[in-house]
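Hi,

Here is the structure I said I'd pass along. Have a look at it first, and my notes follow underneath.

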Amino acid sequence: MGSLQPISGPWALIAMSLKVTIIFGVVVVVVAFSTLAERRVAAWIQDRRGPNRVGPFGLLQPVADGIKNLLKEETLPATASKAFFVLAPMFVLVPSLVTFAVIPIAAPLPTPAGVVDMIIADIPIGILYVLAFSSLAVYGVVLGGWASNNKYAFLGGLRASAQMVSYEVALGLSLITVLMMSGNVTLTEVVWQQQQLGMWFVFPLSLAFILFVVSAFAETNRLPFDMPEAESELVTGYHTEYSAMKFSAFIISEFGHMVTASALMATLFLGGWDLPGTWDDAFWHEGQLISGFAQDGGAILANPAWWKTVLTFGGFAVKTSFFMLLYMWVRWTLPRFRYDQVMALGWKVMLPTALAYAMLVGGAILVLDELGVPWGFWYGLALTGVSGAATVGFMFFLDRGRTIIGAAGQSRQKVSIMSISQPAPAGD
Amino acid sequence: MAISVKVMNRPDPEHTSYLRAALSGMALTFRHLVNPTKVTQQYPEELTNLSPRWRGTHRMEVHADGRPKCVACGLCPTVCPANCIRLVGGEDDQGNRYPIVYEIDEFRCIFCGMCQEVCPVEAIHVGQHFENAEYTRGRFVYDLDRLMEQDHPTTLLWDPSDPSSE
């Protein structure tokens, strides 16, 4: 099997250019269509039909929107800080599109010239790169809000920074459990360890999954955490003063973040491109593409095939779409939190829970390793039990009004409408 | 009169569950998401069922030989509260009165239907029709020929299911 070598030489350059072009193109198209999907899902939830006029099933709606936004007049507020006002949409757009580079999207593809990894850049820092770039996006939001010289935009930017900082902590801490399990920060290794464990991390790390999903909602500024936009309070928040393509850049980046966050959640907790069974497992181990280890510790060589790549890509797309749908479903169900509730949830619930859970999982891993349980199904099952208990405890704790009461409940005041006395009936 | 206050019997925040409420809300929206019955009316393809008493664009009834039924009596411009009808009457060789100019400004019209009620020869009618968008304001003044060309059903000014209202 001499062909099972990583692709090299000039062919590697060609493969890389193709991968970058195709993956970037697919991400941009998916982002465009997710704006349509958002509107269709919104409509269906409200018993409407949604945009169905432009093209078959309204599929050309994103094109029409794009043309509209390109032809619209650009506005530039007279008192805006012009350079930053123009820069802000770019600051938001670029990080949202480049983060996809480290996410593996399918099983390696064998070609006559060598095996091509279905990932743009399998860089050693993996998930840290995603965290770094998704944090950069908040600078664009803050900059846009500040440069607009508009009080609503400024408040939106301010809220965005506070919210991003708060939830990044919980996000990072819930991520730590995943990194403890996989032992590495590259996303290919995260996928590989899930294949080896025989179950996806959503089961052994159920509480981390919940915390990560909630934090990711907050990080992407989606409802119920869309504090920076908050139409009913801040007009549209940080992009109040933007119009035409600059406004569109903010919207595209919001959906870009959604796509990336969905792909990330699928990769970290639902096994990425992994499908049930061991037939599709593949990983570069000491220069060999292996699918697992035999009983005696010897490597079993993987057997990549183009149909495996296609199938696993399908699995990855389905998982990502599921999270995209979840984003939209939640958006059209839950009302926006109050600002103090967002902060209370972030600092008083998510952060301590994530911290305690990271210690719990760390302890459980330590115990299991000390007992010599091999990395596999039983290892995962034991952790599933521990995490399940933690999740049930967390849910039980959260169940009685501790997240949404906010100011009124914390002072233990009986502020219910019952305590307001009814006016006495007028005499005559 | 005493003011009545509706007291909402809400549970105290210490005893409400956000999680359960959120999950039941998610279940509700999901049921609507997959529910194939949608309320949107696909308007240009699927036309609204107008009431027989809908008062819309006017039409002028014509005789079998193509002359308008109008006898230029001048009642409709007199009764019109919006003053949107312009009528110049004339008389032919046989002494029959007929309209030389009959114009209705559909922009000024308030579609009250009093022209139809007052007409002694049932010539002018309001109709069951509302799609009268135009590119210029001038096009909204309907002249006699245009009123005679209209072919939509005319309005019944009474409820057909209740003959006593006639």
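Start with Ala72(B), which is buried: 21 other C-beta atoms lie within 10 Å, and 20 or more is what it takes to count as buried. Keep in mind throughout that this is a predicted model. Ala72(B) sits in the loop that runs between β1 (56–60) and α2 (75–79) of chain B. The odd thing about Ala72(B) is its backbone: phi is positive, about 55 degrees, although the residue is not a glycine. Most residues other than glycine have a negative phi.

There is another alanine like that in chain A. Ala244(A) isn't a glycine either, yet it has a positive phi of about 50 degrees. Here the setting is helix α9 of chain A. Is Ala244(A) buried or partly exposed? It counts as partly exposed, because it has 15 C-beta neighbours inside 10 Å.

That helix leads on to the nonpolar cores. The largest one has 113 residues, and the members that touch the most others are Leu211(A), Phe212(A), Met265(A) and Phe269(A). Helix α9 (residues 244–269) of chain A is the biggest contributor to this core, giving 13 residues. If you want one residue to click on, try Phe212(A): leaving aside neighbours within four places in sequence, its contacts are Leu171(A), Ser174(A), Leu175(A), Met265(A), Leu268(A) and Phe269(A). A second core, separate from that one, has 17 residues, among them Cys76(B), Leu87(B), Ala123(B) and Ile124(B). As background, nonpolar side chains tend to be buried together in soluble globular proteins.

Next, a spot where the two chains meet. Helix α1 (residues 10–45) of chain A packs against helix α1 (residues 18–34) of chain B, with the axes 7 Å apart and an angle of about 100 degrees between them. That angle is why α1(A) counts as roughly perpendicular to α1(B). On the chain A side the contact is made by Val41(A), Trp44(A) and Ile45(A), and on the chain B side by Thr29(B), His32(B) and Leu33(B). By type, the residues of this contact are 4 nonpolar and 2 polar, with no charged ones.

Now the strands, chain A to begin with. β1(A) and β2(A) make a hairpin with 2 residues between them. Strand β1 (residues 106–111) and strand β2 (residues 114–118) of chain A run antiparallel, joined by 4 bridges. Ala106(A) stands opposite Met118(A), and Thr111(A) has Gly114(A) as its bridge partner. How many of the 6 residues of β1(A) are buried? The count is 5, so β1(A) is largely enclosed by the rest of the structure. β2(A) is mostly covered too, with 4 of its 5 residues buried.

Chain B has an open sheet of 3 strands in the order β2-β3-β5, paired antiparallel. β2 (85–91) and β5 (141–142) of chain B are at the edges with a single partner strand each, so one side of each has no neighbour in the sheet. β2(B) pairs with strand β3 (residues 97–105) of chain B over 7 bridges, in the antiparallel sense. For a pair to look up there, Arg86(B) stands opposite Glu103(B) in β3(B).

That's what I have for now.

Cheers

Note on methods
Residues numbered from 1 in each chain as written. Chains lettered and ligands numbered in written order. Predicted model: local features only at pLDDT ≥ 70, side-chain atom pairs only at ≥ 80, totals over all residues. Core = buried A, V, L, I, M, F, W, Y, C linked by C-beta atoms within 7 Å. Buried ≥ 20, exposed ≤ 12 C-beta atoms within 10 Å, placed from the backbone. Contact = placed C-beta atoms within 7 Å. Axes fitted to C-alpha atoms, helices over the stretch in contact; angles between N-to-C directions. Parallel < 35°, antiparallel > 145°, perpendicular 65-115°, else oblique. Nonpolar A, V, L, I, M, F, W, Y, C, P; charged D, E, K, R; others polar. Pairing = 2+ DSSP bridges.
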